[in-house]
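Work through the exercises below with the coordinates open. Each task is followed by a solution in steps.

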Amino acid sequence: MAKNRIVLGCQWGDEGKGKIVDLLAAEADIIARFQGGANAGHTIVVDDRKFKFHLLPSGIIHPDKQCVIGNGVVLDPFGVKEELDLLATQGISHQGRLWISPAANLVLPYHKLIDDVQEQARGTGSIGTTKRGIGPAYVDKVARHGIRIVDLFAPDRLKRRLEYQRVIKQQYFAGSTDERADLDRTYEALMALTDLFKPLVVDVSRLLNDAIRQGKVILYEGAQGSLLDVDLGTYPFATSSNTTVGGALTGLGVGPKAIDEVVGVIKAYTTRVGAGPFPTELVDDTGERLRSQGDEYGTTTGRPRRCGWLDLVALRHVVRLNGVESIAVTKLDVLDGLEEIKICQAYELDGETLTEVPLDLARLNQVKPVYHTLPGWSQDSTGLTAFDDLAPNAQAYLRYIADELGVEICIVSTGAKRQETIMV
Ligand code: GDP
Ligand code: IMO
Ligand code: MG
């Protein structure tokens, strides 16, 4: 079994990473988040209990697992407190097994204010962000005036850094009555959290590299999806972090040779929340059916997700970017009962047929998908646990995807619950 596995989304997020990470966590010692922030919403269903995590690694519900939040994550400290409090009410303790990098930049209330203001200013060109302050927090990090979690333990420095924010963010703060612009209040609120965070902050790069040397099993949990990567995704309709494989290394301080496997999570169809190109989007009854059958509403924002067919052209790009060799296909059950299923093989653009994404990904909003049609199946796949029990056409659909992408299928998910899974 692979000891160091990166699990990441291959589409525009919400592929079911939470479920897959929870599943694989049973065999892991450590589960580590490496990028993104509370824009993520990872759902895990165990029996009748549903957990939704935004910042905590999805392994946290396994009481014997160590969990890590890396330097690549932008961390909303108030959000973490909320998640930990909720977890405690569910009888799960994080003590002695949740570790946070000192270099994780904080998402503070003013980042959410700025996210709001910028989205409004973009007007019809708005990205449809989650308004969790993600972009503005990463901007501060890259501009080298971010506030890191380690600053909580140096109050004078924290105060100085907040004062600097007052100077450089005049445009947002001056005259604002929004309480998120109140830096004194933010300072006091942060000071109230120091006792919570002090015992959690450790050198996670050292922790992970020691664990790697000891042969421990580590899962690297991606957030968002590869097509939302700030460099390689559908920029500017993207998030502000590297959601692709390199983000796991820089976001945790681990070298490339440690990684044994990259598991790409692929939903059996495609969804997207927020704006941006989506060549296979269905704005018809079939799209509506996928949304209702798949319960496609955002875990973080509750927004309806846009739905469409699987896009092999985009997936080929993503498989290559990440060196994906094995995939976990989720939500196969949602396709049950469709007479036929389409799968995008190529794009038409400017009278040409493309089997790869165009050089300018922004042009994805101009491509016309070329579909291959496969027969559907009427049998109920929900809860099946053996590949051979799937309808022959469902098996054929999965094989078709794997062959076209040149990857192995390691998991097929047939329902939201932990045990509704086929380990291939
Ligand atoms: P993530 O962000 O990638 O972790 O995915 P989300 O949790 O945002 O969205 C996936 C949704 O699909 C969640 O509500 C899951 O409980 C649900 N889910 C995951 N796998 C399956 C599956 O195989 N079938 C069905 N019907 N639902 C699933
Ligand atoms: P998980 O981890 C789906 C999308 C937003 C928006 C764009 C930018 O649950 O898969 P941001 O708030 O990051 O600045 O928004 O990215 N987005 C996601 N879509 N799943 C996510 O996370 C997402 N995180 C961000 O909808 O289009
Ligand atoms: Mg999600």
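The exercises cover two ligand sites and one domain interface in a predicted model.

**Exercise 1.** Describe the surroundings of ligand 2 and how far the protein covers this ligand.

Solution.
Step 1. List the neighbours: 20 residues surround ligand 2, and the closest are Asp-14, Lys-17, His-42, Thr-130 and Thr-239.
Step 2. Sort the shell by residue class: around ligand 2 it holds 7 nonpolar, 10 polar and 3 charged residues.
Step 3. Look for polar contacts, with 3.5 Å as the limit between N or O atoms. A polar side-chain atom of Asn-39 is 2.8 Å from an oxygen atom of ligand 2. The side chain of Arg-303 places an N or O atom 3.0 Å from a ligand 2 oxygen. From the backbone, a polar atom of Val-273 is 3.0 Å from an oxygen atom of ligand 2.
Step 4. Compute the cover: ligand 2 taken alone exposes 540 Å², of which the protein buries 97%.

**Exercise 2.** Which residues are closest to ligand 1, and which backbone atoms approach its oxygen atoms?

Solution.
Step 1. The shell of ligand 1 has 19 residues; Gly-16, Lys-17, Thr-43, Asp-333 and Ser-413 are the closest. Lys-17 is also listed among the closest residues to ligand 2.
Step 2. Go through the backbone atoms. A polar backbone atom of Lys-17 is 2.7 Å from an oxygen atom of ligand 1. For Gly-18, a polar backbone atom is 2.8 Å from a ligand 1 oxygen. Glu-15 has a backbone N or O atom 3.1 Å from an oxygen atom of ligand 1.
Step 3. Compute the cover: the protein buries 91% of the 580 Å² that ligand 1 exposes when taken alone.

**Exercise 3.** Characterise the interface of domain 1 and domain 2.

Solution.
Step 1. Fix the bounds. The protein chain is divided into domain 1 (5-101 + 200-262), domain 2 (105-195) and domain 3 (266-423).
Step 2. Take the centres over C-alpha atoms: those of domain 1 and domain 2 are separated by 23 Å. The contact takes 23 residues from domain 1 and 21 residues from domain 2.
Step 3. Evaluate the buried area. Domain 1 and domain 2 bury about 1,700 Å² between them, with 71% of it on carbon and sulfur atoms.
Step 4. Count the polar terms. Between domain 1 and domain 2 there are 5 residue pairs in polar contact, both residues at pLDDT 80 or more. The rule finds 1 salt bridge across this interface.
Step 5. Check one salt bridge by distance. The side chains of Lys-112 and Asp-76 meet at 2.9 Å, N to O, and the cut-off is 4 Å.

How values were computed: Residues are numbered from 1 along each chain as its sequence is written. Chains are lettered from A and ligands numbered from 1 in the order in which they are written. This is a predicted model: local features need pLDDT of at least 70, side-chain atom pairs count only at pLDDT 80 or more; totals for chains, interfaces and linings use all residues. Side-chain values use heavy atoms; hydrogens and water are left out. A residue is near a molecule or strand if one of its heavy atoms lies within 4 Å of it. A polar contact is a pair of N or O atoms within 3.5 Å; within protein, one must be able to donate a hydrogen and the other to accept it, and residues adjacent in sequence count only if both atoms are side-chain atoms. Accessible areas come from the Shrake-Rupley method with a 1.4 Å probe; for residues, only the protein chains shown count as cover. Ala, Val, Leu, Ile, Met, Phe, Trp, Tyr, Cys and Pro count as nonpolar, Asp, Glu, Lys and Arg as charged, and the others, Gly among them, as polar. Domain bounds come from an automatic or database domain assignment. Contact means heavy atoms within 4.5 Å. Buried area is the accessible area (1.4 Å probe) that two parts lose on being put together, summed over both.
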